[in-house]
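Biologist: Hi, I'm new to this one. Could you walk me through it?
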Amino acid sequence: MPVLFLIIVGAAAGFIATRIMDLKTDLVTTVVIGMFGALIGGLVLRFLLMLSGVAAGFVGAILGAMLLIWVWKALSARK
C-alpha cells in the first residue's frame with residue numbers, strides 16, 4: 001500500500017511541479033519526477049522543519065520535485 005500511495009502522491013506532485021516550473025513531460029516522467037521529489041522533499045522537510053503528516057509530505061514532494069526539475073534544467077543547459 002505505501003508504494004501505491006507514493007505513486008499517487010508522486011503523480012500529483014510531479015504534475016504540479018512540472019506546471020509551476022514550465023516543463024513539458026510525458027506521464028511516466030512526470031510521475032518519476034514526483035516520486036523522487038517526494039522522497040527528496042519529504043525527507044528534507046521532516047528533518048529541517050520537524051513537520052509530520054500527509055500535508056508536510058505533499059508540500060515536501062512538490063518542493064522536492066521542483067528542486068529536481070531545476071537541477072535537471074541546469075544540467076541540460078550546460079550541454
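Biologist: Which residues are buried in α1?
Modeller: V9, G10, A13, G14, A17 and T18 are buried in α1; buried means under 20% relative accessible area, exposed over 50%, partly exposed in between (1.4 Å probe, protein chains only). This is a predicted model, where local features need pLDDT of at least 70, side-chain atom pairs count only at pLDDT 80 or more, and totals for chains, interfaces and linings use all residues. Residues are numbered from 1 along each chain as its sequence is written, and side-chain values use heavy atoms, with hydrogens and water left out.
Biologist: Where do the buried residues of α1 fall, seen down its axis?
Modeller: They fall within an arc of 155°, so they line one face of the helix. The arc is taken from the directions from the helix axis to the C-beta atoms.
Biologist: And T18, what does its side chain reach?
Modeller: The T18 side chain reaches the backbone oxygen of G14 at 2.9 Å. T18 is buried, with a relative accessible area of 0%.
Biologist: What comes after α1?
Modeller: D22 follows, and its phi is positive, near 55°.
Biologist: New topic: which elements give two or more residues to the nonpolar patch on the surface?
Modeller: Those are α2 (27-49) and α3 (54-77). The largest share, six residues, comes from α2.
Biologist: How much accessible area does the patch have together?
Modeller: About 900 Å², with F36, I40 and W70 among its residues. Accessible areas come from the Shrake-Rupley method with a 1.4 Å probe, and for residues only the protein chains shown count as cover.
Biologist: Is I40 buried or exposed?
Modeller: In between: I40 is partly exposed, with a relative accessible area of 33%.

Note on methods
Helix = DSSP H or I, 4+ residues; strand = E, 2+ residues; numbered from the N terminus. Patch = residues over 30% accessible without salt bridge, like charges linked within 9 Å, V, L, I, M, F, W, Y side chains within 5 Å. Salt bridge = Lys/Arg side-chain N within 4 Å of Asp/Glu carboxyl O. Polar contact = N/O pair within 3.5 Å; in protein donor to acceptor, adjacent residues only side chain to side chain.
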